[in-house]
Amino acid sequence: MIFVRICFVLIFITLFATVLVLDNHLTGKSPWHNFESSTKQRIDGIPFCEYDRSTSLLRERSNSLSDFAFLAVGFYMLVQAIEGQQKTRAKNTILSLINGLANCAHAIGSWLNHACRCQLGHRLDLTGMWLIIAFISFYSLIRHANIKTFLFTLIFMVNGFILWIMSDIYYPQSYDNEEKILTTILIVIFALSECFHLRSKSITAKQLKWFGLGALSLIIGVVSGQLDASKIVCWPHSWFQLHAVWHMCAACSVLAIYEYFRADTSFISKKIEHLT
């Protein structure tokens with residue numbers, strides 16, 4: 001419905017504008033001084049190129065603002081969930097609702113991580129990122145099974161709690177070790193699951209397009225993030241930051257895989273409760 005879409009667009013614009021206004025208003029009045037730092041090192045602790053505006057609301061301006069890409073993706077999924085419920089009550093909203101909420105939560109966590117460079121934001125960022133990838137991997141594994149919404153939600157929440165406990169790590173060790181290892185494992189699980197599904201069904205041209213776009217976006221994002229972290233390509237005071245490019249590419253990849261799942265019609269006749 002057009003009304004729902006307009007509401008989400010207005011909310012998005014309002015939030016983005018509010019952050020910009022507050023960042024300008026609070027220059028020299030950082031609200032983050034009492035928050036625990038996300039690094040135990042005084043030098044080279046944060047693995048990002050962008051200059052630290054330590055007295056501002058947005059300590060990493062471009063990196064934090066680029067996290068609105070995840071919020072846009074989350075809002076898009078929530079719109080699909082709401083419109084899907086209006087079209088038919090038979091469709092459940094695991095793919096759109098829970099996935100959308102996870103992306104919105106990650107947007108907030110990642111924004112806070114780069115805005116405050118604090119451990120709370122870092123943990124929320126890590127947990128949100130892992131949750132999104134875990135959702136994609138888990139949904140790939142179970143989408144051909146008749147699983148109830150309540151059970152899926154319960155498992156997802158328990159998984160979130162476990163990931164929150166695991167996120168209690170600091171830069172730069174987290175960026176070099178635990179963060180990448182778990183992320184890689186979850187992506188491999190998704191890839192293996194999809195390869196298994198492809199043995200019993202053919203992939204449509206529409207699915208192939210979305211999968212290809214998702215893979216390409218992820219590759220570009222990973223390369224950009226690594227160039228930023230290694231400072232090979234680095235302009236600290238520029239609005240253009242490669243870590244921000246990583247954020248936007250990652251959000252595009254998540255959106256592409258979401259559309260890839262939605263384009264799969266091979267199991268419509270199985271009366272699966274979570275079809276959206």
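This short talk walks through the salt bridges, the disulfides and one buried leucine of the structure above.

Hello everyone, and thanks for coming. Please keep in mind throughout that this is a predicted model.

Let's begin with the charged side chains. The count of salt bridges comes to seven, and I'll show you some of them. Look for Arg 53 and Asp 23, whose side chains meet with an N to O distance of 3.2 Å. Where do Arg 53 and Asp 23 lie? Asp 23 belongs to helix 1, residues 2-25, while Arg 53 is in the loop that runs between helix 1 and helix 2, residues 61-65, so this salt bridge ties together parts 30 residues apart in sequence. Are the two residues buried or exposed? Arg 53 and Asp 23 are both buried.

Now please move to Asp 52, which takes part in more than one pairing. Arg 59 forms a salt bridge with Asp 52, at 2.6 Å from N to O. Arg 59 has a relative accessibility of 17%, and that counts as buried. Arg 117 also makes a salt bridge with Asp 52, this time at 3.6 Å. What does that second pair tie together? Arg 117 sits in the loop between helix 4 (94-116) and helix 5 (119-142), and Asp 52 in the loop between helix 1 and helix 2, so parts that are 65 residues apart in sequence are tied together. Through shared partners, salt bridges join Asp 52, Arg 59, Glu 60 and Arg 117 into one network. Arg 117 is another buried member of our tour, with 11% relative accessibility.

On to the cysteines. How many disulfides are there? The count comes to two. One of them joins Cys 49 and Cys 234, with the sulfur atoms 2.0 Å apart. This pair links distant parts of the chain, 185 residues apart: Cys 49 is in the loop between helix 1 and helix 2, and Cys 234 is in the loop between helix 9 (205-229) and helix 10 (242-262). The torsion about their S-S bond is about 90°, so this disulfide is right-handed. The two ends are placed as follows: Cys 49 is buried, at 6% relative accessible area, whereas Cys 234 is partly exposed, at 26%.

The other disulfide is between Cys 116 and Cys 118, and here the sulfur atoms are 1.9 Å apart. Its torsion about the S-S bond is about -65°, so it is left-handed. Both Cys 116 and Cys 118 are buried. If you number the bonded cysteines in sequence order, the pairing reads 1-4, 2-3.

Why is Cys 252 not bonded to Cys 249? Cys 249 holds the cysteine sulfur closest to that of Cys 252, but the distance is 6.3 Å, too far for a bond, because a disulfide needs the sulfur atoms within 2.5 Å. Cys 252 is partly exposed, with a relative accessible area of 43%. Cys 104, by contrast, counts as buried, at 11% relative accessibility.

Let me finish with a leucine. Leu 163 is found in helix 6, residues 149-166, and it counts as buried at 4% relative accessibility. Which residues does Leu 163 contact, leaving aside its neighbours within four places in sequence? They are Thr 127, Trp 130, Leu 131 and Leu 182. Ala 134 is 29 residues away from Leu 163 along the chain, and their C-alpha atoms are separated by 9.8 Å.

That's my tour, and thank you for listening.

Definitions and conventions:
Residues are numbered from 1 along each chain as its sequence is written. This is a predicted model: local features need pLDDT of at least 70, side-chain atom pairs count only at pLDDT 80 or more; totals for chains, interfaces and linings use all residues. Side-chain values use heavy atoms; hydrogens and water are left out. A salt bridge is a side-chain nitrogen of Lys or Arg within 4 Å of a carboxyl oxygen of Asp or Glu. Helices (H or I, at least four residues) and strands (E, at least two) are DSSP runs, numbered from the N terminus. Buried means under 20% relative accessible area, exposed over 50%, partly exposed in between (1.4 Å probe, protein chains only). Contact means heavy atoms within 4.5 Å.
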